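Please open the model in your viewer, with the sequence beside it, and keep a selection tool ready. The tour below moves from one selection to the next and says what is found at each stop.

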Amino acid sequence: MALLEIKNLHAQVGEREILKGIDLTVASGEVHAIMGPNGSGKSTLAQVLAGRELYAVTEGSVTYDGKDLLELDPEERAQAGIFLAFQYPVEIPGVSNMYFLKAALNAVRKGAGQPELDAMDFLDLVRGKMTAMKMDQTLLNRPVNTGFSGGEKKRNEIFQMAVLEPRLAILDETDSGLDIDALKLVAAGVNAMRGPGRAMIVVTHYQRLLSEIVPDFVHVLSEGRIVKSGGKELALELEAGGYAALGIHDEAEAVARV
Amino acid sequence: MTAVAEQTGLWLTEFTNQPKAEPWIQKLREDAFERFAQVGFPTTRDEEWRFTNVAPIVRAQFTTQAPAGECNITEEAEPHLTRHADINANAFVALNTAFLQDVQYVRVPRGKVFEQPIELTFHCGPGQAHHPRALIVVGAGAQCTVIETYEGEGAYFTNAVTEFVVGDGAVVDHYKIQRESLEAFHVSTMQAAVGRSANFSSHSISLGGALVRNDANATLSEGTEATLNGLYIVNGTQHIDNHTILDHAKPHGASHEMYKGILDGRATAVFNGRIIVRKDAQKTDSKQTNKNLVLSDNAVINTKPELQIHADDVRCTHGATIGQLDSEALFYLQSRGIPKSEARSLLTYAFAQDIIDRIKVQPLRESLERMLFEKLHAHSK
């Protein structure tokens, strides 16, 4: 059975419809890439799956693990194993990373029917994962994302994912703003988490992340619909010919050519 | 005049019934009561009380707390007592002074460092009126920390006045924890005269009370550094008014002011921060900030900076914000599995955190952290 099944999903913000009928099926163990130009609805899809109230779903269904996902609050989705790595991680002054992460981990563990971790076990777990992400341990005592560089914020997202061990990870433009070294580090963190018990949806504008995180499937999103699906070679096609080769207008590309 | 007489008449009996004190004290009391009888309680027509209606205090009848014994005021206090908190500036100060009886007098000798905080706790019971008075005189180069706590049960009226005299080069940290009952009326004035090159900080944490008015005023001398911080958390129908004055009288003074408020329910709050830079006070550096987090549609905040600058080579900045919880931050926390109610209280607590972080006394900071945490969790449920 598929872990995630999206059928004819329509969503809008205010009066403006952004998703205009998305169909997507993701099974556990698979990595799906969603590509598309700016404004195609990639980030909206990611946020809708995580439960952002800003977007109203007007039509269609999303089934996750046999349940109606759209009925769940954002926290219930997280507790059920969904994780969104934000394109723009939010700064939260006054809340330490440590406190935040412990509250999150224990909420997710509770959701999974596991006992809460005590402070010692939590620290052991977190320190190991920080070392793997080459993160400075002092980040734990700093407020969440506050004063972090762009790269630190993105690494912090993947680090949180490593701690929370989701069943479905959605990565929203995790590559944006990263230099190549940071990109490789983030990709290694993601790759280390690939496995049969976990599905991933990798949202990106560019192919370069997908040469580090090689997807099983690639979908091209344009104007709120998936217009083409294929294997990993589709990403390379896009890289060579641009979105224009698929007949898709991409503002960013148009600007780059001027 | 009749209305004033009616209001003050109730207090006249209380005033005349108190045991006589030494002549110099008796004179202070009588002058103060005369002033009070003359002006009566302020009304919302007074600019300083525009948003705070004290009618509920005027209407209520309280019994002035029976004196615990002999008048304890030492002659040593005479050069300073009532010389700083002006009976002409505020009718409540006059009323407090009219009932001078039990003065918490603290003297820190010149150059002496008090390692342990001096703790003053004022407790009030139902139906009582209480006029707590403190005078803290800190010698030149001395150092101390003073923690005042106000608490009680039921409906009562606390009318407090605290005077600080901070000698040249002294370092004084003051914390005022107001956790009165939710039915209580609390009016207070803190007046500090801060000497040359001295460092004075006052932190006002206001959690309780039905109707609260705090005046926190400091006069700075040459090279003085003064800090006024405040945190007020109100819910239900609570009303709190914080008025502050930082008076830069001499050159090279620096003042920092940060007041933060959290409002929920139908609560109302006022912040009025006056900064005076007198003609001689060149090179003054002053910064004032008031930030408010409004958690409900029915809560109201009135915030007003009041800068009176008479010197030309100064730096004064001020800023006020009124905002709600950041919906992106809420979603971020929820997306990590943290329930919405907990996410709300976490963000609210985080808003208050930087005022709490400025409290240097560790046990006090920790007990306030616990108090706030419980209060804000109760808010969100």
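What follows is a walk through a predicted model, beginning with a whole chain and ending with single residues.

**Stop 1: chain B as a whole**

Select chain B and show it as a cartoon, in which seven helices and 18 strands can be picked out. Its radius of gyration is 21 Å, close to the 21 Å that the globule rule gives for 381 residues, so chain B is as compact as a globular protein of that length. If you align the view with the principal axes, the C-alpha atoms of chain B fill a box of roughly 70 × 45 × 40 Å. Of the 381 residues in this chain, 48% count as buried. Among the contacts in chain B with a separation of 6 or more, 83% are between residues that lie 24 or more positions apart.

**Stop 2: a covered strand in chain B**

Staying in chain B, select residues 157–166, which form strand S7. Is this strand mostly covered or mostly open? Ten of its ten residues are buried, and S7(B) is thus described as mostly covered. Colour the two faces separately to follow this: Phe157(B), Asn159(B), Val161(B), Glu163(B) and Val165(B) lie on one side, while Thr158(B), Ala160(B), Thr162(B), Phe164(B) and Val166(B) lie on the other, and the residues of both faces are all buried.

Next, add the strands that pair with S7(B). Strand S4 of chain B, residues 128–130, runs parallel to S7(B) and is joined to it by two bridges; here His130(B) stands opposite Thr158(B). Strand S5 of chain B, residues 133–138, also pairs with S7(B) in the parallel sense, over six bridges, and in this pairing Val137(B) has Val165(B) as its bridge partner. Finally, select strand S9 of chain B, residues 185–194, which runs parallel to S7(B) and is joined to it by ten bridges; a pair to look for is Phe157(B), which stands opposite Phe185(B).

**Stop 3: where the two chains touch**

Now show both chains and select the residues in contact between them, which number 20 from chain A and 16 from chain B. On the side of chain A that touches chain B, the elements giving two or more residues are helix H2 (74–79), strand S7 (92–96) and helix H3 (97–111) of chain A. Which element gives the most to this side? That element is H3(A), with five residues. Colouring this side of chain A by residue class divides it into 13 nonpolar, four polar and three charged residues.

**Stop 4: a sheet in chain A**

Hide chain B and turn to the open sheet of six strands in chain A, whose order is S6-S9-S10-S3-S11-S12 and whose pairing is mixed. Its edge strands are S6 (82–85) and S12 (225–230) of chain A, each of which pairs on one side only. As you look across the sheet, neighbouring strands are turned against each other by 20° on average, with direction ignored. Within the sheet, select residues 31–35, strand S3 of chain A, together with residues 199–204, strand S10 of chain A: these pair in the parallel sense over five bridges, and Ile34(A) stands opposite Val203(A).

**Stop 5: two packed helices in chain A**

Select helix H5, residues 150–164, and helix H6, residues 180–191, both of chain A, which pack at an angle of about 10° with their axes 10 Å apart. H5(A) and H6(A) are therefore roughly parallel to each other. Show side chains for the contact, to which H5(A) gives Gly151(A), Lys154(A), Arg155(A), Ile158(A) and Ala162(A), and H6(A) gives Ala182(A), Leu185(A), Val186(A), Gly189(A) and Val190(A). These residues divide into six nonpolar, two polar and two charged.

**Stop 6: two loop residues with positive phi**

Most residues other than glycine have a negative phi. Zoom in first on Asn145(A), which has a positive phi of about 60° although it is not a glycine, and which sits in the loop between strand S8 (143–144) and H5 of chain A. Then select Glu223(A), also not a glycine, whose phi is positive at about 45°; its place is in the loop between strand S11 (217–222) and S12 of chain A. How many other C-beta atoms lie within 10 Å of each? Asn145(A) has 23 and is buried, whereas Glu223(A) has 16 and is partly exposed.

Methods:
Residues numbered from 1 in each chain as written. Chains lettered and ligands numbered in written order. Predicted model: local features only at pLDDT ≥ 70, side-chain atom pairs only at ≥ 80, totals over all residues. Helix = DSSP H or I, 4+ residues; strand = E, 2+ residues; numbered from the N terminus. Rg over C-alpha atoms; globule rule 2.2 N^0.38 Å. Buried ≥ 20, exposed ≤ 12 C-beta atoms within 10 Å, placed from the backbone. Contact = placed C-beta atoms within 7 Å. Nonpolar A, V, L, I, M, F, W, Y, C, P; charged D, E, K, R; others polar. Pairing = 2+ DSSP bridges. Axes fitted to C-alpha atoms, helices over the stretch in contact; angles between N-to-C directions. Parallel < 35°, antiparallel > 145°, perpendicular 65-115°, else oblique.
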